[in-house]
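Open the model in your viewer and keep the sequence panel visible. The stops below say what to select next and what is there.

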Amino acid sequence: MTRAACSRTKRLLGDALTALACIAKRLDPNQVELVFASKPRKVYKARKTTRLRELVNKCEYKGEGSLMAGRMAELVEHVLIRHLPWRPAGFNLNPLARKKTSVYVFTDGN
């Protein structure tokens with residue numbers, strides 16, 4: 001990918017993040033979380049999207065599509081499963097499950 005194409009892609013991803021963050025803030029006014037496939041256990045949280053957009057702009061994008069399945073599995077296993085309800089007695093005992101979770105995945109098509 002050329003430098004100009006990479007710059008344009010980062011700008012488009014930043015714009016997409018800003019748009020999705022506006023939607024996410026309506027659903028969860030507290031904060032927006034961002035996770036990169038290269039580090040699925042690291043969750044970046046922010047009330048304003050400026051810091052998250054800077055992270056998107058600084059990210060180095062690599063065409064390693066074969067790693068996506070493993071990275072998604074790690075995200076699900078170590079981040080999302082913690083937010084599932086646990087109801088051994090008929091009511092939810094997991095306080096993290098009281099918040100809705102949405103996941104948006106951006107890929108390069110691989």
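**Start at the second helix**

Select T49, which sits in helix α2, residues 49-58; helices (H or I, at least four residues) and strands (E, at least two) are DSSP runs, numbered from the N terminus. This is a predicted model, in which local features need pLDDT of at least 70 and side-chain atom pairs count only at pLDDT 80 or more, while totals for chains, interfaces and linings use all residues. Residues are numbered from 1 along each chain as its sequence is written, and side-chain values use heavy atoms, with hydrogens and water left out.

T49 has 16% relative accessibility and so counts as buried. Buried means under 20% relative accessible area, exposed over 50%, and partly exposed in between, with a 1.4 Å probe and protein chains only. Leaving aside residues up to four places away in sequence, T49 touches A21 and K25; contact means heavy atoms within 4.5 Å.

**Zoom out**

Show the whole protein as a cartoon. Three helices and two strands appear, in the order α-β-β-α-α along the sequence. Colour by burial next: of the 110 residues, 22% are buried. Switch on the surface, and the accessible area is about 8,400 Å², with 56% of it belonging to carbon and sulfur atoms. These areas come from the Shrake-Rupley method with a 1.4 Å probe; for residues, only the protein chains shown count as cover. Among contacts with a separation of 6 or more, 47% are between residues 24 or more positions apart.

**Helix α1**

Select residues 3-27, which form helix α1. How far apart are its end C-alpha atoms? They are 36 Å apart, which agrees with the 36 Å that 25 residues should span at 1.5 Å a residue; the expected span is 1.5 Å times one less than the number of residues.

Now pick out A5, K10, L13, G14, L17, A21 and A24, which are buried in α1. An α-helix has 3.6 residues a turn, so residues three or four places apart point the same way. The cover over the buried residues of α1 includes β1 (32-36) and α2.

**The strand pair**

Select β1 and β2. The two strands run antiparallel and are joined by four bridges, and strands pair if DSSP finds at least two bridges between them. A hairpin of two residues connects β1 to β2. Highlight L34 and Y44: Y44 in β2 is the bridge partner of L34.

Show the side chains of β1. V32, L34 and F36 point to one face and are buried, while E33 and V35 point to the other and are not.

**The nonpolar core**

Which residues make up the largest nonpolar core? Select L13, L17, A21, A24, V32, L34, F36, Y44, A46, L52, V56 and C59, twelve residues in total. A nonpolar core is a set of buried Ala, Val, Leu, Ile, Met, Phe, Trp, Tyr and Cys residues joined through side-chain atoms within 4.5 Å. Helix α1, strand β1, strand β2 (39-46) and helix α2 each supply at least two residues of this core, and α1 gives the largest share, four residues. Centre on A46, one of the core residues. Apart from residues up to four places away in sequence, A46 touches Q31, V32, R51 and L52.

**Salt bridges**

Two salt bridges are counted, each a side-chain nitrogen of Lys or Arg within 4 Å of a carboxyl oxygen of Asp or Glu.

Select D15 and R53, whose side chains meet in a salt bridge at 2.6 Å, N to O. D15 lies in helix α1 and R53 in helix α2, so the pair ties together parts 38 residues apart in sequence. D15 is partly exposed at 38% relative accessible area, and R53 is partly exposed at 25%.

Then select E74 and R41, which form a salt bridge with the closest N and O atoms 2.9 Å apart. E74 lies in helix α3 and R41 in strand β2, so this pair ties together parts 33 residues apart in sequence. E74 is partly exposed, with a relative accessible area of 23%, whereas R41 is exposed at 53%.

**Last stop: helix α3**

Select G70 in helix α3, residues 68-80. Is G70 buried or partly exposed? With a relative accessible area of 46%, G70 is partly exposed. Add A37 to the selection: G70 and A37 are 33 residues apart in sequence and 9.2 Å apart in space, C-alpha to C-alpha.
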